[in-house]
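Open the model in your viewer and keep the sequence panel visible. The tour goes from one selection to the next and says what to look for at each stop.

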Amino acid sequence: MPGIVAAMRGAELRFEAGDPAGAAAILDRLIDRHPTVGELQAGRAALFLLAGTPGSALDRLEAAVGLGYRDVAALVADPLFAPLMADP
């Protein structure tokens with residue numbers, strides 16, 4: 001898991017540097033390598049929201065929860081995820 005966390009931080013740094021496509025590519029590769037890690041799906045959901053594709057974000061959040069992601073309360077509190085809160 002430490003390697004995954006470091007790679008996720010790399011994706012975050014890419015995004016902060018103005019490279020959202022690069023950040024998404026990092027997460028997509030991580031998801032391909034570790035398809036059962038819900039945190040990766042949640043991270044990808046955030047990038048989909050930032051890209052203006054809430055439907056894809058919701059799909060990734062559903063996948064994250066299905067994989068055991070349990071920090072949903074943090075997402076609900078995050079303003080980034082507010083556009084999804086109206087969807088049952």
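Select helix 3 and helix 4 in this predicted model. Their axes are 8 Å apart and pack at an angle of about 170 degrees. Angles over 145 degrees count as roughly antiparallel, so helix 3 and helix 4 are roughly antiparallel to each other.

Now show the side chains where the two helices meet. On the helix 3 side, pick Gly38, Gln41, Ala42, Arg44, Ala45, Phe48 and Leu49. On the helix 4 side, pick Pro54, Ser56, Ala57, Arg60, Leu61, Ala63 and Ala64. Coloured by class, this contact shows 9 nonpolar, 3 polar and 2 charged residues.

Stay on one of these residues, Gln41, which sits in helix 3. Is Gln41 buried or exposed? The cut-off for buried is under 20% relative accessible area. Gln41 has 8%, so Gln41 is buried. Select what touches Gln41, leaving aside neighbours within four places in sequence: Ile31, Pro35, Arg60, Ala63, Ala64 and Leu67.

Next, add helix 1, residues 2-16, and keep helix 3, residues 38-50, on screen. The axes of helix 1 and helix 3 come within 11 Å and cross at roughly 5 degrees. Angles under 35 degrees count as roughly parallel, so helix 1 is roughly parallel to helix 3. For this contact, select Ile4, Met8 and Phe15 of helix 1, together with Glu39, Leu40, Leu47 and Leu50 of helix 3. The residues of the contact divide into 6 nonpolar, no polar and 1 charged.

Look along helix 1 by itself. Helix 1 has 15 residues and reaches 21 Å from its first C-alpha to its last, close to the 21 Å expected at 1.5 Å a residue. Just after helix 1, click Gly18, which takes a positive phi of about 90 degrees.

Move on to helix 2, residues 20-33. Helix 2 has 14 residues and spans 20 Å between its first and last C-alpha atoms, close to the 20 Å expected at 1.5 Å a residue. Which residues of helix 2 are buried? They are Gly22, Ala23, Ala24, Ile26, Leu27, Leu30 and Ile31. The cover over these buried residues includes helix 1, helix 3 and helix 4.

Now for the nonpolar cores. The largest has 13 residues, of which Ala42, Ala57, Leu61, Leu75, Phe81 and Leu84 touch the most other members. Helix 3 and helix 4 each supply at least two residues of this core, and the largest share, 5 residues, comes from helix 3. Apart from this core lies another, of 11 residues, including Ala24, Ile26, Leu30 and Val37.

Return to Leu75 in the largest core. Leaving aside neighbours within four places in sequence, Leu75 is in contact with Ala42, Leu61, Tyr69 and Phe81.

The last stop is Leu80, in the segment after helix 5 (72-77). Leu80 has 25% relative accessibility; the range between 20% and 50% counts as partly exposed, so Leu80 is partly exposed. What does Leu80 contact, leaving aside neighbours within four places in sequence? Select Ala46, Leu49 and Leu50 to see these contacts. Then use the distance tool on the C-alpha atoms of Leu80 and Leu49: the two residues are 31 residues apart along the chain, and these atoms are separated by 7.2 Å.

Key: Residues are numbered from 1 along each chain as its sequence is written. This is a predicted model: local features need pLDDT of at least 70, side-chain atom pairs count only at pLDDT 80 or more; totals for chains, interfaces and linings use all residues. Side-chain values use heavy atoms; hydrogens and water are left out. Helices (H or I, at least four residues) and strands (E, at least two) are DSSP runs, numbered from the N terminus. Buried means under 20% relative accessible area, exposed over 50%, partly exposed in between (1.4 Å probe, protein chains only). Contact means heavy atoms within 4.5 Å. Axes are lines fitted to C-alpha atoms, for helices over the stretch in contact, and angles run from 0 to 180 degrees between N-to-C directions. Angles under 35 degrees count as roughly parallel, over 145 as roughly antiparallel, 65 to 115 as roughly perpendicular and the rest as oblique. Ala, Val, Leu, Ile, Met, Phe, Trp, Tyr, Cys and Pro count as nonpolar, Asp, Glu, Lys and Arg as charged, and the others, Gly among them, as polar. A nonpolar core is a set of buried Ala, Val, Leu, Ile, Met, Phe, Trp, Tyr and Cys residues joined through side-chain atoms within 4.5 Å. The expected span of a helix is 1.5 Å times one less than its number of residues.
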